[in-house]
Amino acid sequence: MEYIVFVIFAALIIISCAGLVFTRNLVHGALFFLCIMICTAVIFVYNQAEWTAASQLVVYAGGVVILIIFGAMLTANYTQIPKLSFTKSTVFASIVCVGVFSLLLFIFSKLSATLSGNVTQISQADIPYIGTSLMTRYVLPFEISGFLLLISLIGAMFVLSNNTRHI
Amino acid sequence: MLIGVELMFNAANINFVAFGYRHGHLDGSIYVLFIILTAACETAVGLAIILNLYKYFKSIDPSDVHELKNYES
């Protein structure tokens, strides 16, 4: 039963990724992106990471998708991307993508042969563990990421602000 | 292009969570938390840059953007 749910949502992720890559409309792309994020949160729940799924929903489905839709609509006459032209770089990029994909497939097939059968059960609930380890073991990355968030917001405001000052 | 970067972040996130689940500890979730936070920062700054580029070049196609500074003015 759980496996069927996993397969359904993984297939939905793959279909939405293909739709995102091949759509010619930025807003449709953002909606495909939202679908991908929700399916990813479902897969996080499947892997017993409920808190990560919740933060995925809040940050991506709530924040990043809204930002992308804003960006798509503020650059208004550009929501319709012109037809993709087939150039030399397209061939190169597809060769690289197929190579990386087959390499990853090879590595994961090797890994699943060695890993099969021994799932270690997670003993404690994840939210108390994440809370305590954010405040003990990972307190420095936690503070640094808070600072990074602050300076990126200030930097985004500075970049967007209408300063007529010549630098 | 920006959405593609986000997709790659998500693939890495799924891997972190899946391998953490497989090995029975939860540190993968914490790494995923930091990755999500960095991706949110990156999206904010990237969108600001894209809007500025649109104001300047009237286009967000990367092949139209070919100069960092306007040397005429």
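This is a conversation about how to read a few features of a predicted model with chains A and B.

Visitor: Let's start with the overall build. How many helices and strands does chain A have?

Guide: Chain A has six helices and zero strands. Following the sequence, the pattern runs α-α-α-α-α-α. Of its 167 residues, 26% are buried. As for how the chain meets itself, take the contacts between residues at least 6 apart in sequence: 59% of them join residues at least 24 apart.

Visitor: And the interface with chain B? How do people usually put a size on such a thing?

Guide: The size of an interface is often given as the accessible area lost when the parts come together. Here the area buried between chain A and chain B is about 4,500 Å², and carbon and sulfur atoms give 76% of that. Chain A brings 56 residues to the contact and chain B brings 43 residues.

Visitor: How many residue pairs are in polar contact across the interface of chain A and chain B?

Guide: Six residue pairs, with both partners at pLDDT 80 or more. On the side of chain A that touches chain B, H1, H2, H3, helix H4 (88-115), H5 and H6 each supply at least two residues. H3(A) gives the most to that side, with eleven residues. Sorted by class, the side of chain A that touches chain B has 36 nonpolar, 18 polar and two charged residues.

Visitor: What about salt bridges, then? How many does a search of the whole structure find?

Guide: One, counted over all chains. Its partners are the side chains of A:Arg137 and B:Asp27, at 3.3 Å from N to O. The pair crosses between chains: A:Arg137 is in the loop between helix H5 (126-135) and helix H6 (139-160) of chain A, while B:Asp27 belongs to helix H2 (residues 27-57) of chain B.

Visitor: Is each partner buried or exposed?

Guide: A:Arg137 counts as exposed because its relative accessible area is 59%, and exposed means over 50%. B:Asp27 has a relative accessible area of 11%, so it is buried.

Visitor: Now the nonpolar side chains. What should I expect in general?

Guide: In soluble globular proteins, nonpolar side chains tend to be buried together. In this model the largest nonpolar core has 23 residues, and those with the most contacts inside it are A:Leu20, A:Phe33, A:Ile36, A:Tyr60 and A:Ile68. The elements giving two or more residues to this core are helix H1 (2-22), helix H2 (26-46) and helix H3 (50-74) of chain A, along with helix H1 (2-23) and H2 of chain B. H2(A) gives the most to this core, with eight residues. Apart from it lies another core, of eight residues, among them A:Leu134, A:Tyr138, B:Leu33 and B:Phe34.

Visitor: Take A:Phe33. Which residues does A:Phe33 touch, not counting those up to four places away in sequence?

Guide: From chain A, A:Leu20, A:Tyr60, A:Val64, A:Val65 and A:Ile68; from chain B, B:Ile3, B:Glu6 and B:Leu7.

Visitor: And A:Met37, where is it found?

Guide: A:Met37 is in helix H2 of chain A. With a relative accessible area of 1%, A:Met37 is buried. Leaving aside neighbours within four places in sequence, A:Met37 is in contact with A:Gln56, A:Tyr60 and B:Asn10. For a sense of distance, the C-alpha atoms of A:Met37 and A:Phe106 are separated by 26 Å, and these residues are 69 residues apart along the chain.

Visitor: Let's do the loops. What does the side chain of A:Asn25 do?

Guide: A polar atom of the A:Asn25 side chain lies 3.0 Å from the backbone nitrogen of A:Val27. A:Asn25 is placed in the loop between H1 and H2 of chain A. At 17% relative accessibility, A:Asn25 counts as buried, since the cut-off for buried is under 20%.

Visitor: Last one: backbone angles. What is the usual sign of phi?

Guide: Most residues other than glycine have a negative phi. A:Gln48 is not a glycine, yet it has a positive phi of about 60°. You'll find A:Gln48 in the loop between H2 and H3 of chain A, and at 31% relative accessibility A:Gln48 counts as partly exposed.

Note on methods:
Residues are numbered from 1 along each chain as its sequence is written. Chains are lettered from A and ligands numbered from 1 in the order in which they are written. This is a predicted model: local features need pLDDT of at least 70, side-chain atom pairs count only at pLDDT 80 or more; totals for chains, interfaces and linings use all residues. Side-chain values use heavy atoms; hydrogens and water are left out. A salt bridge is a side-chain nitrogen of Lys or Arg within 4 Å of a carboxyl oxygen of Asp or Glu. Helices (H or I, at least four residues) and strands (E, at least two) are DSSP runs, numbered from the N terminus. Buried means under 20% relative accessible area, exposed over 50%, partly exposed in between (1.4 Å probe, protein chains only). A nonpolar core is a set of buried Ala, Val, Leu, Ile, Met, Phe, Trp, Tyr and Cys residues joined through side-chain atoms within 4.5 Å. Contact means heavy atoms within 4.5 Å. Buried area is the accessible area (1.4 Å probe) that two parts lose on being put together, summed over both. A polar contact is a pair of N or O atoms within 3.5 Å; within protein, one must be able to donate a hydrogen and the other to accept it, and residues adjacent in sequence count only if both atoms are side-chain atoms. Ala, Val, Leu, Ile, Met, Phe, Trp, Tyr, Cys and Pro count as nonpolar, Asp, Glu, Lys and Arg as charged, and the others, Gly among them, as polar.
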